[in-house]
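Subject: Structure handover

Hello,

Here is the structure for you to load. My notes on what was found follow below it.

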Amino acid sequence: MAYFANGTAGIDFEQRYCSRCVHMGPEDGPGCPVWAAHLLFSYQLCNAKEDPGKIILDMLIPGECAMFVPARRLNATKRHEDDRAELERLVARCSEILKEAKGL
Ligand code: SF4
């Protein structure tokens, strides 16, 4: 999981990867659901070894982002749209699992 010890480390990651990635999309959003999931839950789950949410976050960003696709490779492919839809489903499921775990 991309856990950042401070804001500078997070900004560095975002500039190195996200700012060049097709999944970040246009400036007016909606942004990348992988990045959003990490911003929302990485601090909370960083020490939760068996938590499904942490396992999912670890799968998505084990170090470098597993979903990183340099924008220069984008040709508005159907595969990208399918990947994004799958990713959004995964993040939504992650959210459901976390809510179930908390009894919400
Ligand atoms: S897929 Fe990964 S690298 Fe790309 S914007 Fe999302 S978090 Fe950043």
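Helices α2 and α3 are oblique to each other. The reason is the angle: their axes cross at roughly 130°, and angles that are neither under 35, nor over 145, nor 65 to 115 degrees count as oblique. The two axes come within 10 Å. In handedness, α2 passes α3 in a left-handed crossing. Helix α2 covers residues 33–45, and α3 covers residues 52–60.

Please keep in mind that this is a predicted model.

Overall fold. The protein has 4 helices and 0 strands. Along the sequence the pattern reads α-α-α-α. The protein has 104 residues, and 24% of them count as buried.

Helix α3. Its buried residues are Gly-53, Lys-54, Ile-56, Leu-57 and Leu-60. Viewed down the axis of α3, these buried residues fall within an arc of 160°, so they line one face of the helix. Note that Lys-54 is on the buried list.

Ligand shell. Which residues are found around the ligand? In sequence order, the list starts with Tyr-17, Cys-18, Cys-21, His-23 and Met-24. It continues with Cys-32, Val-34 and Trp-35. Cys-65, Met-67 and Phe-68 complete it. By class, the shell holds 10 nonpolar residues and 1 polar residue. Charged residues are absent from the shell. The polar one is His-23, because His is not among the residue types that count as nonpolar or charged.

Cis peptide. Gly-29 and Pro-30 are joined by a cis peptide bond. Its omega is about 10°. Pro-30 sits in the loop between α1 (7–16) and α2. Check that your setup keeps this bond as it is. 

Loop contact. Pro-70 lies in the loop between α3 and α4. Is Pro-70 buried or exposed? Pro-70 is exposed, because 10 other C-beta atoms lie within 10 Å, and 12 or fewer counts as exposed. Pro-70 and Cys-21 are 49 residues apart along the chain. Their C-alpha atoms are separated by 4.7 Å. Cys-21 is also one of the residues around the ligand.

Helix α4. This helix spans residues 78–102 and contains Ala-101. Ala-101 is exposed, with 12 other C-beta atoms within 10 Å. Ala-101 and Asp-51 are 50 residues apart in sequence. In space they are 8.7 Å apart, C-alpha to C-alpha.

Best regards

Methods:
Residues numbered from 1 in each chain as written. Predicted model: local features only at pLDDT ≥ 70, side-chain atom pairs only at ≥ 80, totals over all residues. Near = placed C-beta within 6 Å. Buried ≥ 20, exposed ≤ 12 C-beta atoms within 10 Å, placed from the backbone. Helix = DSSP H or I, 4+ residues; strand = E, 2+ residues; numbered from the N terminus. Arc of directions from axis to C-beta. Axes fitted to C-alpha atoms, helices over the stretch in contact; angles between N-to-C directions. Left-handed = near helix turned anticlockwise from the far one by under 90°.
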